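Trainee: I would like a close look at a single part of this model, the largest pocket, and at what packs around it. Which residues line the largest pocket?

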Amino acid sequence: RKMMLSRPVKRQKGGRPTSYYDEHAQVVQLSAITSCIENATVIQMLQHDDLKDNHLIIKDAIFTHRREENYFAIDEDDDLGWLGYFIGKSETLQKLTLCCWPDEEERVEAAAFAR
């Protein structure tokens, strides 16, 4: 059975509608959307615009040997939709570093987010 909507729903590609995140952001349990306490802390810092040096580093958990305060180590239990939502809502994040897998030997850096 199809559900008819009276207005278009803005969707993030392949994910939940943006309105879902907006409606649940204040009550989401960080332990339910992250794989570890360190990642939950990073999400909390994003929520409060309190990241060290306004810089976030995202890396695959398998290849993360050293953890710093602003590292988000992606594991299968992390909800990347929520991570993206909080990155997008941050007012102070200035630099986002995506560390590649070892066979790719490059780093993608995005600085000076357009708002």
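Mentor: Helices (H or I, at least four residues) and strands (E, at least two) are DSSP runs, numbered from the N terminus. This is a predicted model, in which local features need pLDDT of at least 70 and side-chain atom pairs count only at pLDDT 80 or more, while totals for chains, interfaces and linings use all residues. Residues are numbered from 1 along each chain as its sequence is written, and side-chain values use heavy atoms, with hydrogens and water left out.

With that settled, the chain holds 4 helices and 4 strands, arranged along the sequence as α-α-α-β-β-α-β-β. Of its 115 residues, 33% are buried (under 20% relative accessible area with a 1.4 Å probe, protein chains only; over 50% is exposed and in between is partly exposed).

Your pocket (an open set of points on a 1 Å grid over the protein atoms alone, where a 1.4 Å probe fits, with protein on both sides within 12 Å along at least five of seven lines) contains about 170 Å³ of space. Its lining, meaning residues with an atom within 4 Å of a point, consists of Ala25, Gln26, Leu46, Gln47, His48, Asp49, Tyr85, Phe86, Lys89, Ser90 and Glu91. By class, the lining divides into 4 nonpolar, 4 polar and 3 charged residues (Ala, Val, Leu, Ile, Met, Phe, Trp, Tyr, Cys and Pro are nonpolar, Asp, Glu, Lys and Arg charged, the others, Gly among them, polar). Two helices, helix 3 (37-47) and helix 4 (80-89), each supply at least two of the lining residues, and helix 4 gives the most, with 3 residues.

Consider helix 3 to begin with. Its buried residues are Asn39, Ala40, Val42, Ile43, Met45 and Leu46, and Leu46 also appears in the lining of the largest pocket. These buried residues pack against helix 2 (30-33), strand 1 (55-60), strand 2 (71-74) and helix 4, with contact taken as heavy atoms within 4.5 Å. Just after helix 3, Asp49 takes a positive phi of about 50°, and Asp49 is itself one of the lining residues.

On the side of helix 4, the lining residues Tyr85 and Phe86 belong to one aromatic cluster, together with Tyr20, Tyr21 and Trp82. The whole structure has 7 aromatic pairs (rings of Phe, Tyr and Trp, its six-membered ring, with centres within 6.5 Å; planes under 30 degrees apart are stacked, over 60 edge-to-face and the rest tilted). Among them, Tyr20 and Tyr21 have ring centres 5.6 Å apart and planes at 85°, so this pair is edge-to-face. Tyr20 is partly exposed because its relative accessible area is 29%, whereas Tyr21, at 2%, is buried. The rings of Trp82 and Tyr85 likewise form an edge-to-face pair, because their centres are 5.7 Å apart and their planes stand at 80°. Both of these residues lie in helix 4, 3 residues apart, about one turn of the helix. Trp82 is buried with a relative accessible area of 2%, and Tyr85, although it lines the pocket, is buried too, at 9%.

Finally, Thr18 belongs to helix 1 (residues 18-24) and counts as buried because its relative accessible area is 18%. Thr18 and Gly81 are 63 residues apart in sequence, yet their C-alpha atoms are 9.6 Å apart in space. For the chain as a whole, 56% of the contacts between residues at least 6 apart in sequence join residues at least 24 apart.

Terms used:
Grid points are joined across faces, edges and corners, and a volume is the space filled by probe spheres set on the points.
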